[in-house]
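Here's a quick tour of one chain, written for someone who likes cut-offs stated up front. Have the viewer open while you read.

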Amino acid sequence: MQPRNMSMSGVVDLAAVKAAQEAKAKAEQARAEAARQGGTGAVSPADLVIDVDEAGFERDVLQRSAEVPVVIDFWAEWCQPCKQLSPVLERLAVEYGGRFLLAKIDVDANQMLMQQFGVQGIPAVFAVVAGQALPLFQGAADEQQIRQTLDQLVQVAEERFGLTGLTVDPDAEPGGAVAAPVEGPYEVSLNAAARALDAGDLGGAIQAYRNVLADDPAHPEAKLGLAQAELLQRVQNLDPQKVRQEAAEKPADADAQIAAADLDLVGGHVEDAFGRLIDTVRGTVGDERDAVRRRLLELFELVGPEDPRVVGARRALARALY
């Protein structure tokens with residue numbers, strides 16, 4: 001089963017944005033829950049290296065990746081390079097003090113996971129951050145290269161996803177403080193939305209998100225999910241070639257530029273979408289200009305207010321308006 005934030009894997013840029021927002025919320029919620037219970041949620045050094053199989057993958061890797069970056073070491077008993085690499089990763093997991101969790105997967109016993117990750121040879125090392133899988137390296141690597149890769153991983157996890165890692169207590173009992181993922185009050189509706197997205201039922205996903213927002217209008221995951229599903233619904237029946245031709249022929253046509261900007265964003269061309277609409281703001285007036293401005297603000301929310309591209313585009317929009 002895939003986590004919710006992997007359900008839009010075909011829309012790479014939007015999926016990453018959604019994962020970041022959701023991971024930050026869950027990480028903060030987990031820390032708040034630990035504080036409420038009067039504990040630190042600390043783990044022992046032994047808990048930083050875990051063996052994972054197919055049955056426990058969702059719980060031990062996907063769900064935990066909303067709390068801490070999970071580095072996956074694909075290995076096998078017969079693999080001699082693995083016997084050199086794995087001890088280094090295990091030592092670094094402890095040395096990094098909870099900034100990442102090391103999950104060891106025996107490929108002989110977990111062929112399906114090996115296939116799902118597209119592993120062509122071992123050792124192979126991946127990371128999962130907020131449900132997003134990314135390759136780190138394959139084959140032998142020296143310790144300096146490994147450290148550089150891990151440093152980049154933990155920096156991205158903290159700055160973009162708000163994942164500060166696990167608290168480690170050398171005196172904690174192994175296995176005693178691994179917290180279960182925090183479940184929110186709207187998991188049924190949010191999971192229904194994810195299943196609908198996986199099935200291509202955008203209308204069903206939109207309705208499920210609206211059900212959440214009817215009770216909690218400020219719910220961040222539902223707001224972002226609804227905006228994404230509505231965007232995908234807007235573009236699903238568009239003819240990209242026709243839309244782009246019309247936009248090129250009618251640079252001052254608000255509707256044509258809005259449709260093209262939607263396609264830009266879905267395709268991951270964030271700056272193109274922003275630039276197109278800012279240029280259109282400059283060339284329109286009245287209701288048309290306001291419609292373009294509103295769509296641009298919606299796209300800002302989709303990408304995320306802290307994204308540098310949004311920050312720069314907001315300044316450009318202000319100049320275009322005033």
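Which residue in β5 does Ala-124 stand opposite? Gln-138 is the one facing Ala-124.

## Ground rules

The model is predicted, so to speak, all the way down: local features need pLDDT of at least 70, side-chain atom pairs count only at pLDDT 80 or more, and totals for chains, interfaces and linings use all residues. Residues are numbered from 1 along each chain as its sequence is written, and side-chain values use heavy atoms, with hydrogens and water left out.

## The chain overall

The chain contains 13 helices and 5 strands. Both kinds of element are DSSP runs numbered from the N terminus: H or I over at least four residues for helices, E over at least two for strands. Of its 322 residues, 47% count as buried, where buried means under 20% relative accessible area, exposed means over 50%, and partly exposed is in between (1.4 Å probe, protein chains only).

About 16000 Å² of the chain is exposed, with carbon and sulfur atoms supplying 50% of that area. Those areas come from the Shrake-Rupley method with a 1.4 Å probe, and for residues only the protein chains shown count as cover. Take the contacts between residues at least 6 apart in sequence: 71% of them join residues at least 24 apart. A contact here means heavy atoms within 4.5 Å.

## The sheet

The 5 strands make an open sheet, ordered β1-β3-β2-β4-β5, with mixed pairing. β1 and β5 are the edge strands, each pairing on one side only. From one strand to the next the twist averages 25 degrees; axes are lines fitted to C-alpha atoms (for helices, over the stretch in contact), and angles run from 0 to 180 degrees between N-to-C directions. As background, strands of a sheet pair through backbone hydrogen bonds, either parallel or antiparallel. Two strands are called paired if DSSP finds at least two bridges between them.

## β2 and its partners

All of β2 is tucked away: 6 of its 6 residues are buried, so the strand is largely enclosed by the rest of the structure. Val-70, Ile-72 and Phe-74 sit on one side and Val-71, Asp-73 and Trp-75 on the other, and both faces are covered. β2 runs parallel to β3, joined by 6 bridges, and Trp-75 has Asp-106 of β3 as its bridge partner. Between these two strands the chain passes through α3, giving a right-handed β-α-β crossover. Right-handed means that, with the strands pointing away from the viewer, the path from the first strand over the helix to the second runs clockwise.

With β4, β2 pairs in the antiparallel sense over 5 bridges. Asp-73 stands opposite Val-125 there, and Ile-72 stands opposite Phe-126.

## Helix α3

Helix α3 covers residues 80-95, 16 residues in total, and reaches 24 Å from its first C-alpha to its last, close to the expected 22 Å. That expected span is 1.5 Å times one less than the number of residues. Its buried residues are Cys-82, Leu-85, Ser-86, Val-88, Leu-89, Leu-92 and Ala-93. What covers them includes strands β1 (49-51), β2 (70-75), β3 (101-106), β4 (124-129) and β5 (132-138), along with helix α5 (143-161). After α3 comes Gly-97, with a positive phi near 60 degrees.

## β4, its hairpin and a cis bond

Why is β4 described as largely enclosed by the rest of the structure? Because 6 of its 6 residues are buried. Ala-124, Phe-126 and Val-128 are on one side, Val-125, Ala-127 and Val-129 on the other. In the loop between α4 (111-116) and β4 you'll find Pro-123, joined to Ile-122 by a cis peptide bond with omega about 0 degrees.

β4 and β5 pair in the antiparallel sense over 6 bridges, and their hairpin has 2 residues between the strands. Ala-130 lies in that loop and has a phi near 50 degrees, a positive value in a residue other than glycine. At 1% relative accessibility, Ala-130 counts as buried.

## A stop at α10

Ala-256 is part of helix α10 (residues 254-266) and counts as buried at 6% relative accessibility. Leaving aside neighbours within four places in sequence, Ala-256 is in contact with Glu-246 and Ala-247. Glu-246 is 10 residues away along the chain, with 6.3 Å separating its C-alpha from that of Ala-256.
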